[in-house]
Amino acid sequence: MSDRILAAVMTAPRKPIEIQEFKRPDLPHGAALLRTARSEVCGTDVHLWHGRLAGVPYPIIPGHVSAGTLAAVRGPLRGIDGSDLHEGDRVVFFDVHRTCGRCRACTVHRTPTRCAARRVYGVTDSADEGLFGGWAQAIYLEPGVGLARLPDAVSFDDYIGGGCGLLTAVHILERAALRPGDSVVVQGTGAVGLSAIALARLGGASTIVAIGAPAGRLDLARRMGADEAIDVTATTPGERLEQVRSLTHGEGADVVLEAAGASAAVPEGLDLVRDGGRYVIAGHYTDVGDTSINVHRQISRKHLEIRGCWGSEPGHFLRALSMLERYAAQVPWREVGGRTYPLDQLNEALADAESMRITKALVDPWQ
Ligand SMILES: [Zn+2]
Ligand SMILES: [Zn+2]
């Protein structure tokens with residue numbers, strides 16, 4: 001790899017993505033340089049481009065979940081999967097870093113995703129500090145970043161097809177405390193919803209109903225494991241409620257997972273879940289506005305359990321990897337990735353992701 005490394009930089013919200021040249025970084029002890037094989041353009045990147053996330057230090061190099069080959073390593077390097085890592089190894093990393101491990105959120109409340117020191121590659125790391133994002137030919141892996149070997153059975157396209165959506169889905173299913181035989185409704189058929197469907201199926205769900213759009217994603221939702229896929233644009237909430245009840249002994253689903261990111265999904269989800277059931281809200285990664293619910297009728301009288309879900313932890317990253325290693329051959333994760341774009345076509349990739357022409361764009365910075 002040369003000393004000049006190209007990266008696609010988001011200089012500010014709504015500005016065109018620019019290709020910039022970065023100097024190859026000097027590596028302190030415990031650091032590494034990853035030659036990027038694949039990164040992704042996900043819904044979060046569209047939100048970043050719209051300026052809808054607080055505390056983003058533009059300019060940034062987006063691309064928070066990425067995979068590649070170690071180009072340079074300084075000192076012995078061990079992954080959080082326990083493997084010793086060397087130059088030439090196929091490696092993936094947990095995008096969340098600098099979680100402090102000492103604050104109240106980390107230690108007292110055991111909610112490290114709410115640690116104030118926490119930073120995320122491609123989201124809250126500034127390009128002024130260097131190659132902290134996957135839309136680049138190489139990524140600087142600072143000391144302490146959680147690394148893991150990419151299993152031989154998992155291709156770069158499998159890994160990025162799952163990507164951040166799969167990590168989030170592992171966390172969602174954990175929050176849902178899914179039991180064998182539970183009926184599940186998944187609201188949203190984007191990258192998070194599709195992986196949630198696959199994990200619910202593998203986790204022993206009985207009936208799985210997906211609600212989303214467009215038709216191509218509903219077809220993929222069925223192949224990821226949904227029994228029924230309802231087009232949200234062609235039905236009313238009342239029709240969807242009737243359909244879900246008809247599939248769940250007239251009760252509603254044991255578990256409803258919100259991965260739609262639309263405010264209207266929440267009052268609907270509260271109706272779709274059965275009395276005493278569980279509702280996990282994970283799609284509201286940005287503030288999409290207020291919504292109106294009836295607390296007596298939709299929560300108290302139903303005796304519901306409602307849980308939020310924010311970010312992910314190293315355990316979700318490693319378990320996502322284990323699921324890919326075991327199931328990538330049978331679950332079509334790679335099909336979640338719609339098309340692969342070079343660095344100089346990422347404006348187009350963002351537009352395609354925004355318009356839902358593709359579920360997720362893959363990035364190959366060497367194409
Ligand atoms: Zn902390
Ligand atoms: Zn993402």
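1. In this predicted model, 70% of the contacts in the chain with a separation of 6 or more join residues 24 or more positions apart. The chain contains 10 helices and 19 strands.

2. The radius of gyration of the chain is 20 Å, which agrees with the value near 21 Å for a compact globule of 367 residues. Taken along the principal axes, the C-alpha atoms fill a box of roughly 65 × 40 × 40 Å. Of the 367 residues, 54% are buried. The accessible surface amounts to about 15200 Å², and carbon and sulfur atoms contribute 49% of that area.

3. The zinc ion (ligand 1) has four cysteine donors, namely Cys100, Cys103, Cys106 and Cys115, each through SG and lying 2.3 to 2.4 Å from the ion. Along the chain these donors follow the spacing C-x2-C-x2-C-x8-C. The site is tetrahedral, with angles of 104 to 118° among the four donor atoms; the ideal angle for four tetrahedral donors is 109.5 degrees.

4. Two donors of this site fall on either side of the 20% limit for burial. Cys106 has a relative accessible area of 13% and is therefore buried, whereas Cys100, at 22%, is partly exposed.

5. For the zinc ion (ligand 2), the protein donors are Cys42 (SG), His64 (NE2) and Cys164 (SG), lying 2.1 Å from the ion. Their spacing along the chain is C-x21-H-x99-C. His64 and Cys164 link distant parts of the chain, being 100 residues apart: His64 belongs to the loop between helix H1 (43-49) and strand S4 (67-73), and Cys164 to helix H3 (residues 156-176). Both His64 and Cys164 are buried.

Terms used. Residues numbered from 1 in each chain as written. Chains lettered and ligands numbered in written order. Predicted model: local features only at pLDDT ≥ 70, side-chain atom pairs only at ≥ 80, totals over all residues. Heavy atoms only, no water. Donors = N, O, S within 2.8 Å, 3.2 Å for Na, K, Ca; no water. Helix = DSSP H or I, 4+ residues; strand = E, 2+ residues; numbered from the N terminus. Buried < 20%, exposed > 50% of the residue type's maximum accessible area, 1.4 Å probe, protein only. Tetrahedral: all angles 85-135°; square planar, octahedral: opposite > 155°, others 65-115°. Rg over C-alpha atoms; globule rule 2.2 N^0.38 Å. Contact = heavy atoms within 4.5 Å. Areas by Shrake-Rupley, 256 points an atom, 1.4 Å probe, with all protein chains shown as cover.
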